[in-house]
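User: I've got this one open on my screen and would like to go through it with you. Can we take it one question at a time?

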Amino acid sequence: MNLTSQRDQDAIALWNHAYVNGADNLWGDPPVPYASKASRLFADSGAFIVMDMPCGDGRNLPVLAAGAPIIIGADTSENALSLSQRILERAGLLRAATLLSMNAYATNIPDAGIDGIFCWDLLGHLVEPERAMRELCRILRPGGHIVANMWTMGDCQVADPNMREISPKTYLDHFDFYCRFYEREDIDEFLRASGCEALSVDLARWTEPPHPGYRNYEHDHESWVMTIKKH
Ligand SMILES: C[S@@+](CC[C@H](N)C(=O)[O-])C[C@H]1O[C@@H](n2cnc3c(N)ncnc32)[C@H](O)[C@@H]1O
């Protein structure tokens, strides 16, 4: 069964290859600022199992692990999971963590199996993000939270000379990664289509260091950050 669009299927191999090119670490060690906020939210709501979907090469895992006894790092890329393993080893977190190969469109996790989900820098790369969000909501327990972002049109990537516009608000980058950017009203439409209700939608700006082999300069991101609580 074809679970995702062809572009999303093809992206899985592209991502895996990018982590080889990125050698030790594609995204850099500093966690994104919202990881610590999400971690506190998960801890305050009594989360036992938190999932970082997708975990990439693991920059957000140690911070998220502080918010729950068990942390799952999930990603479609085996190479990313290997890099995450090293981060967990260095942080002394192997006993608290499980790394799983998993597709956000079809996780195979039972209904309500997860207490908190951090979903960073994934939805903008997906052709059908509302399908993935419905899957994340399915596996979230009632009372649990999802913290997820989608880039705005003010995000640095829009102005990157390597980006090729393929349709309004939609680009391919130099790795052929699909990147969709969202206006505030698009977020409302996305949430409606996903069947999710957000407690808040915040505008977040943060600076990231260069990602050698991918984006070789310090850059400013801008995202909508959705905090979703399942009823
Ligand atoms: C931009 S990275 C973000 C990683 C991490 N959240 C971070 O902030 O560093 C996007 C990640 O999504 C993963 N990915 C792409 N398609 C996926 C899918 N359908 N399901 C799960 N992970 C996917 C890629 O392998 C990649 O690691």
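**Strands, helices and the ligand**

User: Which residue of β2 does Ile-49 stand opposite?
Analyst: Strands here are DSSP runs of E with at least two residues, numbered from the N terminus, while helices are runs of H or I with at least four. Looking across to β2, the residue opposite Ile-49 is Ile-70.

User: What kind of model is this, and where does residue numbering begin?
Analyst: Residues are numbered from 1 along each chain as its sequence is written. Local features need pLDDT of at least 70, side-chain atom pairs count only at pLDDT 80 or more, and totals for chains, interfaces and linings use all residues, this being a predicted model.

User: In what sense do β1 and β2 pair?
Analyst: Strands of a sheet pair through backbone hydrogen bonds, either parallel or antiparallel. Two strands count as paired once DSSP finds at least two bridges between them. Here β1 (residues 49-52) and β2 (residues 70-75) share four bridges, and the sense is parallel.

User: Asp-52 has a bridge partner in β4; which residue is that?
Analyst: On the β2 side, Asp-52 stands opposite Gly-73. β1 also pairs with β4, in the parallel sense over three bridges. There, the partner of Asp-52 is Phe-118.

User: Which are the edge strands of the open sheet?
Analyst: Seven strands line up as β3-β2-β1-β4-β5-β10-β9, with mixed pairing. An edge strand pairs on one side only, and that fits β3 (97-101) and β9 (198-208).

User: Are α5 and α6 parallel, perpendicular or oblique?
Analyst: α5 (residues 129-139) and α6 (residues 184-194) pack at about 55 degrees with axes 8 Å apart; axes are lines fitted to C-alpha atoms over the stretch in contact, with angles from 0 to 180 degrees between N-to-C directions. Under 35 degrees counts as roughly parallel, over 145 as roughly antiparallel, 65 to 115 as roughly perpendicular and the rest as oblique. So the angle makes α5, relative to α6, oblique.

User: Which helix gives the most residues to the shell around the ligand?
Analyst: A residue is near the ligand if its C-beta atom, placed from the backbone, lies within 6 Å of it. There are 21 residues around the ligand, and Trp-15, Pro-54, Gly-56, Ser-77 and Ala-104 come nearest. With four residues in the shell, the top helix is α1 (residues 6-21).
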